[in-house]
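Dear colleague,

I am handing over the structure below, and my notes on what was found in it follow directly after.

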Amino acid sequence: MKMHMKSFVILLLPFCISSAFAYKISIYTDQPDEVKARDVLNSFKTTYPFSQFEIEIEIKSVASASLNCGPRLGNDRLIGCDTQDITREAASRGVDQVLVVKDNPNYGGSGGSVAVITSISPSTMMLHEYLHTLGLRDEYEYKASEAVNYCSDSYSGPNMAMIEPNPDGYANDGAARGQHMGQVPWGEFIKNETLITNNGGTKLGTGMVNPNVHATPNNTNSPGRLGSAIGLYEGRTCKNANPPKATWQPGREASIMEFLDAGLGAGNEAMVAKILESRGVRRKEAPPESVSTAVNSSIRRSSKPLDQNPEVNSESPRNIAK
Amino acid sequence: MKFSLCFIFTILMNVSHAEVSSGCGNLLNTVMKYDPVKKKASIENFYFMDEEFCDLGTKEINANFDLVLFDKNKKVLNKKAVFLNTMTVIELLKPKSSSFGKNKVVLAPQFRNVKFSIIGKKVNIVSYKIFFKANQKLIGEGVVQ
């Protein structure tokens, strides 16, 4: 009897968890026409792997004062926001993640627990900043003054490994794998046939990141297939640190963590998907093979619409999209 | 049609609750705060919501904090490993280009919404503790308000 009930529940899951149970992102903006926020929404809707997950995105128009944004470090061009108020307001409505589009004529943004961009910046900058929210690191070359802040041994992230190669090299690729794969967050996505060494297995690295070749933005429904295999590619992020530090990335092509016209690259796509899954964000079209996979999400049964919460005192969210 | 099926689903989820998912309960949404200067964390706000929530995101792969909720007998009611970016990095773009320019770190407090699945009454939760995941150092504790 219990088994039958369980099976019946599993059969019903696809009908029920497709809309009301999505991971909720709220884009707060003070731009009057909300144009940039809509661009950001579309970027998430169309960019792999975000497009493959049950993510519900709303745009919430608010007064400028509500965003608590302003110049930072005495520089009018460095815009930062105190996000406590909007994070609290969003939490009261069941929102998982806040993003901010600030109406401002300077190009820029900030990455942290809440991603912020200015209205003049490209929408892909929000993807970049949100990837920081998920823990991904910058892949561009830091100046020496910047490297001081980041290039410690603990700088590794889902898209970046800090590995100092053996001065004497390696006996072969297997030896390098045995020594270093535990330090590579995306190691599970490197195929056995992809070497993580060159020069006959003696030198660490599948190759080097080529900043002149950008990963193709992926608006399809499958992982990026163009470009190099996922491997261990030497980057330039901390080469200006004192002393210089070797950093490694999953793709040969420069990604959106270096250039905003680039895509995530296959390695970063795989890591972002893994992070989202670990956060309980459900993939679209989850196979109903078992309860544990079918309910691979934060499942909610909403009893009232977001905008009926009495604590919401600003304009109601619009443009909700999945 | 869809609504009806969902209604049945909801009933069955309640009937066979323990069978379907052990992580289901009522939704508690919270605001976690981390102060990178003081290296202290807290839960600033608690929102108990009239929604069912099955939390399968309790162990984020790159988690750097452990959040633990306790009852009045200091028994662990809920534990969650989460990632919170501990600093704000302000990045400037080179105008009309896809390249980044200046980059500055701001050590401002960070806030993140963290959801819990709460089984039983909300009054059962009375306190919390927050630990750095790397060394299990206690960096924040408080009572549920």
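A:N199 sits in the loop of chain A that runs between β9 (197-198) and β10 (203-204), and in this predicted model its phi is positive, at about 55°, although A:N199 is not a glycine. With 10 C-beta neighbours inside 10 Å, A:N199 counts as exposed. A second residue of this kind is A:N68, which is not a glycine either and has a positive phi of about 50°; A:N68 belongs to the loop between α3 (64-67) and β3 (69-72) of chain A. Here the surroundings come out as partly exposed, with 14 other C-beta atoms within 10 Å of A:N68.

Two cis peptide bonds may also deserve a look while you have the loops on screen. One joins A:Y48 and A:P49, with omega at about 10°, and A:P49 is part of the loop that links α2 (35-46) to β2 (55-61) in chain A. Another joins A:N242 and A:P243, with omega at about 0°, and A:P243 is placed in the loop between β13 (233-234) and β14 (247-249) of chain A.

That loop between β13 and β14 of chain A also holds A:R236, which is partly exposed, with 19 other C-beta atoms within 10 Å. Which residues does A:R236 touch, if those up to four places away in sequence are not counted? They are A:E141 and A:V209. A:R236 can also be set beside A:E139, since the two are 97 residues apart in sequence, while their C-alpha atoms are 7.4 Å apart in space.

The strands on either side of this loop, β13 and β14, take part in an open sheet of four strands in chain A, whose order is β8-β14-β13-β11 and whose pairing is mixed. The edges of the sheet are β8 (161-162) and β11 (207-208) of chain A, each of which has a single partner strand, so one side of each is left without a neighbour in the sheet. As general background, strands of a sheet pair through backbone hydrogen bonds, either parallel or antiparallel. In the case of β8(A) and β14(A) the sense is antiparallel, over two bridges, and A:M162 stands opposite A:T247 of β14(A).

Turning to the chain as a whole, the secondary structure of chain A comes to nine helices and 17 strands, and 52% of its 322 residues count as buried. Of the contacts in chain A with a separation of 6 or more, 65% are between residues 24 or more positions apart.

The domain assignment of chain A gives domain 1 (2-133 + 282-321) and domain 2 (144-254). Five residues from domain 1 and six residues from domain 2 of chain A make up the contact, and on the side of domain 1 that touches domain 2 there are one nonpolar, four polar and no charged residues.

Where does the largest nonpolar core lie with respect to the domains? This core has 100 residues, and those with the most contacts inside it are A:I27, A:I55, A:L99 and A:V100. Domain 1 and domain 2 of chain A both give residues to this core, so it lies between them. A second, separate core has six residues, among them A:Y142, A:A147, A:C151 and A:A241. To take A:I27 as an example from the largest core, its contacts, leaving aside neighbours within four places in sequence, include A:A37, A:V40, A:L41, A:I57, A:I59, A:L99 and A:V101, and also A:E58 and A:K60.

Finally, helix α8 of chain A covers residues 266-278, and its 13 residues reach 18 Å from the first C-alpha to the last, close to the 18 Å expected at 1.5 Å a residue. Among the buried residues of α8(A) are A:A266, A:G267, A:N268, A:E269, A:A270, A:M271 and A:V272, together with A:I275 and A:L276, and what covers these buried residues includes α5 (124-133) of chain A. Just after α8(A) comes A:G280, which takes a positive phi of about 85°.

With kind regards

Terms used
Residues are numbered from 1 along each chain as its sequence is written. Chains are lettered from A and ligands numbered from 1 in the order in which they are written. This is a predicted model: local features need pLDDT of at least 70, side-chain atom pairs count only at pLDDT 80 or more; totals for chains, interfaces and linings use all residues. A residue is buried if 20 or more other C-beta atoms lie within 10 Å of its own, exposed if 12 or fewer, and partly exposed in between; C-beta atoms are placed from the backbone. Two residues are in contact if their C-beta atoms, placed from the backbone, lie within 7 Å. The expected span of a helix is 1.5 Å times one less than its number of residues. A nonpolar core is a set of buried Ala, Val, Leu, Ile, Met, Phe, Trp, Tyr and Cys residues joined through C-beta atoms within 7 Å. Domain bounds come from an automatic or database domain assignment. Two strands pair if DSSP finds at least two bridges between them. Ala, Val, Leu, Ile, Met, Phe, Trp, Tyr, Cys and Pro count as nonpolar, Asp, Glu, Lys and Arg as charged, and the others, Gly among them, as polar.
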